[in-house]
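Biologist: I should like to learn how to read the features of a protein model. May we go through one together?

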Amino acid sequence: MLRDQDLVSIQEAREMVEKAYAASREFLAYTQEQVDSIVAAMAQAAARASRELAEEAVAETGYGVAADKFQKNLLCSERLHEHIAGMKTVGIVHEDAAAKVLEIATPVGVVAAVLPTTNPTSTAMYKSIISLKGRNAVVISPHPNAVKCICHTAAILYQAARAAGAPENVIQCLNHSTFAGTQELMKHKRTGVILATGGHGVVLAA
């Protein structure tokens with residue numbers, strides 16, 4: 001049994017990426033209507049939990065004011081959804097007949113989402129919602145000082161997504177978050193894109 005926290009985190013990252021990759025392959029077959037239904041369910045669930053998650057974020061990290069974080073959670077859930085609801089992300093998204101060009105939306109597969117301690121829950125909402133809007137799976141690497149509130153947010157989003165028909169393991173959150181695990185997540189061969197928010201060290205590594 002692994003006891004070294006870096007090794008635990010690395011193993012967890014590897015296992016989650018492989019599961020996320022399988023989910024992303026399944027997600028490829030979803031229609032625009034299915035994707036939009038899933039994203040709407042996620043946004044609604046996140047909005048309902050926004051106040052609770054804001055309070056959890058302040059209690060765990062010591063940063064910010066719950067009332068302000070509540071508003072930012074709403075911004076990154078229901079207001080984000082209002083902005084992207086009509087956006088086409090499946091199939092042909094633009095056609096230029098004169099130039100004979102078709103733009104076809106193609107998922108990247110696995111999104112590695114690296115999250116900060118300063119705005120943990122709202123960033124989890126934002127990155128998860130935009131990832132699934134594009135038919136991608138997401139693996140979240142929370143800041144070590146915000147693991148509980150971030151993984152709780154991810155769980156709420158995941159439950160809503162699954163209830164709406166999303167693939168299994170389409171949203172996952174590292175429970176044992178270390179910098180070594182985050183590095184493994186970012187450099188894994190199955191990772192399609194990195195969305196990193198944090199300090200200079202994390203952004204530079206990304």
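Modeller: The following dialogue takes up a sheet, a hairpin, a helix and a core in turn. Please keep in mind that this is a predicted model.

Biologist: In what order do the strands of the open sheet lie, and is the pairing parallel or antiparallel?

Modeller: One reads a sheet by following its strands from neighbour to neighbour. Here 4 strands form an open sheet in the order E5-E4-E3-E6, with parallel pairing. Strand E5 (171-173) and strand E6 (191-196) are the edge strands, each pairing on one side only. From one strand to the next, the twist averages 20 degrees.

Biologist: How many bridges pair E3 with E6?

Modeller: Strand E3 (residues 110-114) and E6 are paired over 5 bridges. Within this pair, Val110 stands opposite Thr191 in E6. Helix H6 (residues 147-163) packs on the sheet, where it touches strand E4 (137-141) and E5. The direction of H6 makes about 160 degrees with that of E5.

Biologist: Which strands form a hairpin?

Modeller: E1 and E2 do, with 4 residues between them. Strand E1 (residues 91-96) and strand E2 (residues 101-105) run antiparallel and are joined by 5 bridges. Asp96 has Val101 in E2 as its bridge partner. In the turn, Lys100 has a positive phi of about 55 degrees.

Biologist: How should I read a helix, and which residues of H3 are buried?

Modeller: An α-helix has 3.6 residues a turn, so residues three or four places apart point the same way. In H3, the buried residues are Ser50, Leu53, Ala54, Ala57 and Thr61. They lie on the same side of H3 because they cover an arc of only 105 degrees around the axis. The cover over these buried residues includes helix H2 (32-48), helix H4 (66-84), helix H5 (120-133) and H6.

Biologist: What span should H3 have?

Modeller: At 1.5 Å a residue, the 12 residues of helix H3 (residues 50-61) should span 16 Å, and the end C-alpha atoms are indeed 16 Å apart, so the two values agree. Just after H3, Gly62 takes a positive phi of about 80 degrees.

Biologist: Which residues touch the most other members of the largest nonpolar core?

Modeller: In soluble globular proteins, nonpolar side chains tend to be buried together. The largest nonpolar core here has 51 residues, of which Ile38, Met42, Leu132, Ile140, Ile150, Val170 and Ile171 touch the most other members. H6 gives the most to this core, with 9 residues. Leaving aside neighbours within four places in sequence, Ile38 is in contact with Phe27, Tyr30, Leu132, Ala161, Ala164, Gly165 and Ala166.

Notes:
Residues numbered from 1 in each chain as written. Predicted model: local features only at pLDDT ≥ 70, side-chain atom pairs only at ≥ 80, totals over all residues. Heavy atoms only, no water. Pairing = 2+ DSSP bridges. Helix = DSSP H or I, 4+ residues; strand = E, 2+ residues; numbered from the N terminus. Axes fitted to C-alpha atoms, helices over the stretch in contact; angles between N-to-C directions. Contact = heavy atoms within 4.5 Å. Core = buried A, V, L, I, M, F, W, Y, C linked by side-chain atoms within 4.5 Å. Buried < 20%, exposed > 50% of the residue type's maximum accessible area, 1.4 Å probe, protein only. Expected span 1.5 Å × (residues − 1). Arc of directions from axis to C-beta.
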